[in-house]
Amino acid sequence: TINFKGNIKNLQKPDSLYFDVFGNDITINSKDIKSFYKGDIPDFDALGTINADLHYKGTYRIFNSEFTLNTSSGYADGVLNLDIPNEIYSGYINTRELNPGRILNNKSLYGNLNLSAKFEGASFDINKMNTNLIYSITGSRIGKYDVKYSAGTIHTARGNIAMNIRHASSM
């Protein structure tokens, strides 16, 4: 079930399309995607049934997107603010029991990721990038690594990285 409500403006100018669209209580069986989309797309079968709420506001180059996803491979919610022309970005993401190995079809990454992260920055060029990340991971496992906790800040500035991280894990 896919239900969208909202507005799309500037249909006569595709380069200036503006969306303010909500999708609430979306339910998609990942196997159904290939039945109605015949193009070359990744295999989403590992996600199983996807339950989602989405809000997209802006153009395709400058936008704000809010999402909540619950799948057979875990849960994620967050916000992404992206201004591609000016290379500015910010947002946050939270995950619970997210299995990166199942999503990426890579058994060496199977596990569960419980993450909370907030980020903001400018530039996509590593030599010009100025980005701040604050994160916390608790009670997670990725592959053969148990992460009891990992938390801290990471700051990139013109090709340099400054970190302040506390971490405890085991194999």
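## Tour of a predicted chain

Begin with the whole chain shown as a surface: about 11100 Å² is exposed, and carbon and sulfur atoms supply 55% of that area. Keep in mind that the model is predicted.

Switch to a C-alpha trace and align the view with the principal axes. The C-alpha atoms fill a box of roughly 55 × 40 × 25 Å.

Next, colour by secondary structure. Two helices and 10 strands appear in the chain. Stepping along the sequence gives the order β-β-α-β-β-β-β-α-β-β-β-β.

Colour by relative accessibility next. The chain has 171 residues, of which 30% count as buried. Then draw the contacts between residues at least 6 apart in sequence: 35% of these join residues at least 24 apart.

Now select the charged side chains. There are 18 positive and 16 negative ones in the chain. Place a marker at the centre of each set, and the two markers will lie 4 Å apart.

For the next stop, select I2, F4, L54 and L69. These residues form a nonpolar patch on the surface. Together they have about 340 Å² of accessible area.

Finish by zooming in on one member of that patch, I2. Where does I2 sit relative to β1? I2 is in the segment before β1, the strand that spans 4-9. Why does I2 count as partly exposed? Its relative accessibility is 45%, and partly exposed covers the range between under 20%, which is buried, and over 50%, which is exposed.

Notes
Residues are numbered from 1 along each chain as its sequence is written. This is a predicted model: local features need pLDDT of at least 70, side-chain atom pairs count only at pLDDT 80 or more; totals for chains, interfaces and linings use all residues. Side-chain values use heavy atoms; hydrogens and water are left out. Helices (H or I, at least four residues) and strands (E, at least two) are DSSP runs, numbered from the N terminus. Buried means under 20% relative accessible area, exposed over 50%, partly exposed in between (1.4 Å probe, protein chains only). Contact means heavy atoms within 4.5 Å. Accessible areas come from the Shrake-Rupley method with a 1.4 Å probe; for residues, only the protein chains shown count as cover. Lys and Arg count as positive and Asp and Glu as negative; His and the chain ends are not counted. The place of a charge is taken as NZ of Lys, CZ of Arg, CG of Asp or CD of Glu. Patches are made of residues with over 30% relative accessible area and no salt bridge: like charges are joined within 9 Å, nonpolar side chains (Val, Leu, Ile, Met, Phe, Trp, Tyr) within 5 Å. A salt bridge is a side-chain nitrogen of Lys or Arg within 4 Å of a carboxyl oxygen of Asp or Glu.
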